[in-house]
Amino acid sequence: QVQLVESGGGLVQAGGSLRLSCAASGRDFSSYAMGWFRRAPGKEREFVGTITWSGANTYYADSVKGRFTISRDNAKNTVYLQMNSLKPEDTAVYYCAAGAYTFVAAEYGYWGQGTQVTVSS
């Protein structure tokens, strides 16, 4: 069982940056790949990126590639999403999830409650 809590969301102007954190509790955090997803108002949940259990590999959606970076610190049971050059279309609730190294949401068994990111133009 893994519990996930996101933090770091907020309001930022376009072009700005935010770093989201996802703190995990429970067993075996370091054995899971960690993913980030988002859901914008009126839209379906969207894959953002994922990182392997070791942190050696990452994979991103084309919409965020080159702007967002995922990292993790297994000693702190935390995964991060660094978001740079933010755009209004990045506005969404961001969720972290623990599971397989994939863009498929159904392959993640554990989810956080989400944190709101709002980018103003």
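Is Phe-37 buried or exposed? In this predicted model, Phe-37 counts as buried, because its relative accessibility is 1% and the cut-off for buried is under 20%.

Let's look at who Phe-37 spends its time with. Its ring pairs with that of Trp-111 in a tilted arrangement, and the pair links distant parts of the chain: Phe-37 belongs to strand S4 and Trp-111 to strand S10, 74 residues apart. Unlike buried Phe-37, Trp-111 is partly exposed, at a relative accessible area of 27%. Trp-111 also has a charge for company, since the charged end of Arg-45 sits over its ring, 4.5 Å from the centre.

Zooming out, the structure holds 7 aromatic pairs. One of them is edge-to-face and joins Tyr-32 to Tyr-110. Tyr-32 comes from the loop between strand S3 (18–26) and strand S4 (33–39), while Tyr-110 lies in strand S10 (residues 108–111), so this contact ties together parts that are 78 residues apart in sequence. Tyr-110 is partly exposed, with a relative accessible area of 22%.

Here are those two pairs in numbers:

| Pair | Geometry | Centre to centre | Angle between planes |
|---|---|---|---|
| Tyr-32 and Tyr-110 | edge-to-face | 5.8 Å | 80 degrees |
| Phe-37 and Trp-111 | tilted | 5.0 Å | 55 degrees |

Phe-37 and Trp-111 are also members of one aromatic cluster, along with Phe-47, Tyr-59, Phe-103 and Tyr-108.

There's another arginine over a ring, too: Arg-72 lies over the face of Phe-29, at 4.6 Å from the ring centre.

How values were computed. Residues are numbered from 1 along each chain as its sequence is written. This is a predicted model: local features need pLDDT of at least 70, side-chain atom pairs count only at pLDDT 80 or more; totals for chains, interfaces and linings use all residues. Side-chain values use heavy atoms; hydrogens and water are left out. Rings of Phe, Tyr and Trp (its six-membered ring) pair if their centres lie within 6.5 Å; planes under 30 degrees apart count as stacked, over 60 as edge-to-face and the rest as tilted. Helices (H or I, at least four residues) and strands (E, at least two) are DSSP runs, numbered from the N terminus. Buried means under 20% relative accessible area, exposed over 50%, partly exposed in between (1.4 Å probe, protein chains only). A charge sits over a ring if NZ of Lys or CZ of Arg is within 6 Å of the ring centre and within 35 degrees of the ring normal.
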